[in-house]
Amino acid sequence: MGSAMSIASAFSSGLPAALLATLLLAACSDGMMPPASIDGESTVNAIRPAGEPRARRMSGDAAAAYPATGMPVTVAGNSAVVTDDAYGGGQAQPAGALPKIDSDEAMGVTEPQVAYGTMQVPQDGVNMDAGLGVAPVQGLAEAQAEEIAEGNATQVVVDGIGTDAPRQLDGPASTPEQMSMPTTMPMSGAGAELGGSAPAAATAAPASQQEKVAYIPRFSNPMSVPETLGGMPAAEKACRQRLQRLGVKFRDLPRIGKGNSCGIAYPIELQGLSGGIQIKPAAQVNCQITEAFARWVKNELAPSARMRYLSGVKSIHQMSSYSCRTMNSRRGAAMSEHAKGNAIDVGKIVLNSGKAILVRNKSFFAFREKGLLKAVRSDSCKYFTTVLGPGSDRFHKDHFHFDLRMRKSGYRHCSL
């Protein structure tokens with residue numbers, strides 16, 4: 001009642017409005033205080049400035065549920081008093097509070113973690129083989145260096161590189177004397193051309209110590225080169241196989257080419273025929289004319305000579321094989337089959353008895369010679385497409401001309 005009268009007197013006295021509001025607030029402040037059940041050590045009043053030490057009490061149940069390890073604890077009755085430094089300085093957290101996210105307690109780590117420093121790498125590196133527990137692996141360079149140092153090198157060891165007398169040191173030696181005797185390497189042909197002098201004596205290593213070197217295979221035989229790698233076609237290979245069965249002596253030559261009109265793609269050098277018959281001089285022709293010529297000699301010429309002279313053929317003298325020229329060497333004429341190595345001319349036949357038969361017109365009484373030449377000339381048309389000889393024209397009066405000219409009509413020109 002007294003307070004109400006004082007307020008009324010204050011209004012009546014005309015105090016300022018601000019002062020009246022203050023007085024009203026002070027009169028009502030008793031109802032704004034929080035009850036004791038709300039305020040406590042873990043709520044509003046528990047808030048302290050950072051770094052300010054404080055003491056709090058927590059019940060025995062809370063202390064058992066959230067033990068603050070590493071902190072001094074005093075027990076008084078059913079309570080425990082825990083003192084910390086406002087959660088700082090590595091002290092324990094207040095009872096009832098959740099652990100920090102990155103703490104060992106939150107991560108489930110029970111043992112203390114040991115902090116390691118920076119790893120130091122040894123000077124000789126990290127031995128991974130020892131770390132993994134496996135046997136060390138010896139490198140190729142290390143193995144070769146060890147072999148050279150012990151005198152047991154399996155590779156060629158050369159001393160004196162850059163000098164005029166390089167020496168090849170021997171490999172494994174059984175005696176110290178053998179190890180002290182280096183093998184002198186012979187000078188190559190290029191070194192000799194440059195004016196160098198070869199060593200006076202070169203000691204060859206024994207056969208058991210000679211180095212075995214694997215070289216890249218090279219096709220010295222054209223027959224072994226696949227056609228896909230630039231080798232000769234299958235038809236050329238088959239032709240050469242037939243020549244071998246016929247007993248023909250020949251060798252392959254490099255490609256012959258002279259312009260667009262002359263040349264032989266896969267030439268051979270015809271040296272001899274079956275039965276030891278020699279071709280003088282050796283003829284450069286293609287394989288097709290060689291096969292036809294070999295069959296003619298084997299099936300016609302040799303039997304005819306044996307029948308008439310009781311002697312075999314010793315040699316055949318050819319007058320022309322490959323030759324880049326026109327027919328009969330006339331200007332403006334078509335190219336001859338000789339320009340493609342597809343023709344051969346025969347001028348003389350020598351028998352084993354020593355008799356030489358020239359290919360030309362014979363006298364009236366030369367019966368055996370005329371009979372031989374006429375027989376082999378007429379039979380040759382079975383093997384060649386063109387046969388010319390004495391009596392055909394003035395250009396073939398002293399030799400037989402055989403070729404394999406291909407004509408569209410299939411016509412064979414045999415001038416008998």
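Me: Which residues does I316 touch, not counting residues up to four places away in sequence?
Reply: In this predicted model, I316 is one of the residues with the most contacts inside the largest nonpolar core. Setting aside residues up to four places away in sequence, its partners include L273 and F293, which are also listed among the core residues with the most contacts. The full set is L273, I277, Q278, I279, K280, F293, V297, L301, V346 and K348.

Me: How many residues are in the largest nonpolar core, and which element gives the largest share?
Reply: The core has 41 residues. Elements that give two or more residues to this core include the helices α9, α10 and α11 and the strands β10, β11, β12, β13 and β16. The largest share, 10 residues, comes from α10.

Me: How many residues does the second, separate core have?
Reply: This core is separate from the one with 41 residues. Among its members are I256, C262, Y322 and A339. The number of residues in it is five.

Me: How many disulfides does a search of the whole structure find, and what pattern do they follow?
Reply: The search finds three disulfides. They are C239 with C287, C262 with C324, and C381 with C414. With bonded cysteines counted along the chain, the pattern is 1-3, 2-4, 5-6.

Me: Is the disulfide of C239 and C287 left-handed or right-handed?
Reply: The sulfur atoms of C239 and C287 are 2.0 Å apart. C239 lies in helix α9 and C287 in helix α10, so the disulfide ties together parts that are 48 residues apart in sequence. The torsion about the S-S bond is about -105°, so this disulfide is left-handed.

Me: Is C324 buried, partly exposed or exposed?
Reply: C324 is joined to C262 by a disulfide, with an S to S distance of 1.8 Å. C262 is in strand β9 and C324 in the loop between β12 and β13, 62 residues apart. C262 counts as buried at 8% relative accessibility. The value for C324 is 32%, and buried means under 20% while exposed means over 50%, so C324 is partly exposed.

Me: What is the relative accessible area of C381?
Reply: C381 is in the loop between α11 and β15, and its disulfide partner C414 is in strand β17, 33 residues apart. The torsion about their S-S bond is about 80°, so this disulfide is right-handed. C381 is buried, which means that its value is under 20%. The relative accessible area of C381 is 18%.

Me: Which side chain of opposite charge is nearest to D403, and how far away is R405?
Reply: D403 lies in strand β16 and is buried, yet has no salt bridge. A salt bridge needs the charged atoms within 4 Å. The nearest side chain of opposite charge belongs to R405, at 5.0 Å.

Me: What polar contact joins the side chain of D403 to another side chain?
Reply: The side chain of D403 reaches the backbone nitrogen of R405 at 3.1 Å, but that is a backbone atom. The contact between side chains is with T386, at 2.8 Å.

Me: Which residues are in contact with K370, leaving aside its neighbours within four places in sequence?
Reply: K370 is in helix α11 and is partly exposed, with a relative accessible area of 30%. Its C-alpha atom is separated by 9.8 Å from that of I357, 13 residues apart along the chain. The residues in contact with K370 are K362, S363 and F364.

Key
Residues numbered from 1 in each chain as written. Predicted model: local features only at pLDDT ≥ 70, side-chain atom pairs only at ≥ 80, totals over all residues. Heavy atoms only, no water. Helix = DSSP H or I, 4+ residues; strand = E, 2+ residues; numbered from the N terminus. Buried < 20%, exposed > 50% of the residue type's maximum accessible area, 1.4 Å probe, protein only. Lys, Arg positive; Asp, Glu negative; His and termini not counted. Polar contact = N/O pair within 3.5 Å; in protein donor to acceptor, adjacent residues only side chain to side chain. Core = buried A, V, L, I, M, F, W, Y, C linked by side-chain atoms within 4.5 Å. Contact = heavy atoms within 4.5 Å. Disulfide = S-S within 2.5 Å.
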